[in-house]
Amino acid sequence: MHRWKKFSRLEATIVTGGAFWAMKNLVQDPTPRRMTVSLHEERSSVKPFGDPDWHTSFVPEHIAILKGDGSIVSQRDNPRESFVGHEMLTPWDPLHRAYFNGYALWTYLTTPFLLAMNGVNVSEISPWIETGETWRVLRAIFPKEIATHSPVQDFFFDSEYQLRRHDYNVDVAGGFEAAQLVYDYIEVDGIRLPSKRRAYTRNSDSRPNLEPVMVSIDISNVKFS
């Protein structure tokens with residue numbers, strides 16, 4: 001935590017795929033993109049987005065798509081309200097996607113340190129047994145000021161205190177239950193983080209349904225500043 005607090009920003013190259021995007025009537029290409037997140041406030045941006053010169057600007061109460069010169073392509077205030085009534089197969093427009101990308105990648109790239117942010121209530125719940133391993137589970141309840149998948153989320157840690165799994169409901173897509181597996185850890189400036197994330201729907205027994213991969217994220221070229 002001391003080392004984390006020395007930095008204010010993280011940049012990473014991301015490559016995204018999975019079946020979820022087609023469900024939202026979106027095309028996901030394998031183009032590497034540069035993601036930037038603030039570490040101590042919820043703010044993020046990704047480039048390129050929709051055009052080689054465009055990028056996003058995300059904070060919980062506002063989402064925008066901007067040109068390289070800063071002029072606005074499109075924007076939306078109170079973007080969470082635009083998801084009211086959405087189900088898993090409800091089509092998304094570019095601003096829906098930009099908002100989802102903004103809060104989701106901010107959440108992933110600041111985990112587990114975001115659990116220590118003001119207003120996040122964390123408690124340990126029953127452990128999870130995974131192929132003979134015991135994973136300890138932290139349940140986080142997020143305040144409404146933090147835009148994220150759902151108010152209640154579970155984080156699974158192995159015996160070396162590495163995050164192995166992250167469970168949540170995707171409230172902006174009908175609230176379906178998801179389990180995200182994380183692996184292939186890398187170390188940057190003394191901070192370890194997973195370089196691969198694979199999100200699946202969650203079965204009634206709380207185990208991930210491994211077909212299809214809903215969202216895949218590969219992370220590389222991480223830089224703290």
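Visitor: What is the place of P212, and how do you know?

Guide: P212 sits in the loop between β13 (208-209) and β14 (215-224). Strands are DSSP runs of E with at least two residues, helices are runs of H or I with at least four, and both are numbered from the N terminus; residue 212 falls in neither strand range, so the proline is assigned to the loop. This is a predicted model, in which local features need pLDDT of at least 70 and side-chain atom pairs pLDDT 80 or more, while totals for chains, interfaces and linings use all residues. Residues are numbered from 1 along each chain as its sequence is written, and side-chain values use heavy atoms, without hydrogens and water.

Visitor: Which peptide bond joins E211 and P212?

Guide: A cis bond, with omega about -5°. T111 and P112 are also joined by a cis bond, with omega about 5°; P112 lies in the loop between α3 and β7. Most peptide bonds are trans.

Visitor: How many aromatic pairs does the rule give?

Guide: The count is 15. Among them, W4 and F113 have ring centres 4.2 Å apart and planes at 10°. Rings of Phe, Tyr and Trp (its six-membered ring) pair if their centres lie within 6.5 Å, and planes under 30 degrees apart count as stacked, over 60 as edge-to-face and the rest as tilted; therefore W4 and F113 are a stacked pair. W4 is in helix α1 (residues 2-5) and F113 in the loop between α3 (94-110) and β7 (121-130), 109 residues apart.

Visitor: Why does W4 count as buried or exposed?

Guide: Buried means under 20% relative accessible area, exposed over 50%, partly exposed in between (1.4 Å probe, protein chains only). W4 has 4%, so it is buried.

Visitor: What makes F20 and F100 a tilted pair?

Guide: Their centres are 5.7 Å apart, and the 40° between their planes puts them in the tilted class. F20 lies in helix α2 (residues 20-23) and F100 in helix α3, so the pair ties together parts 80 residues apart in sequence. Both residues are buried.

Visitor: Why is N78 called buried, partly exposed or exposed?

Guide: Its relative accessibility is 42%, so N78 counts as partly exposed. N78 also has a positive phi, near 45°, without being a glycine. Its place is the loop between β6 (72-77) and α3.

Visitor: Is Y161 buried or exposed, and why?

Guide: Y161 has a relative accessible area of 62%, so it is exposed. Y161 is in the loop between β9 (152-157) and β10 (163-170), and its phi is about 65°, again positive in a residue that is not a glycine.
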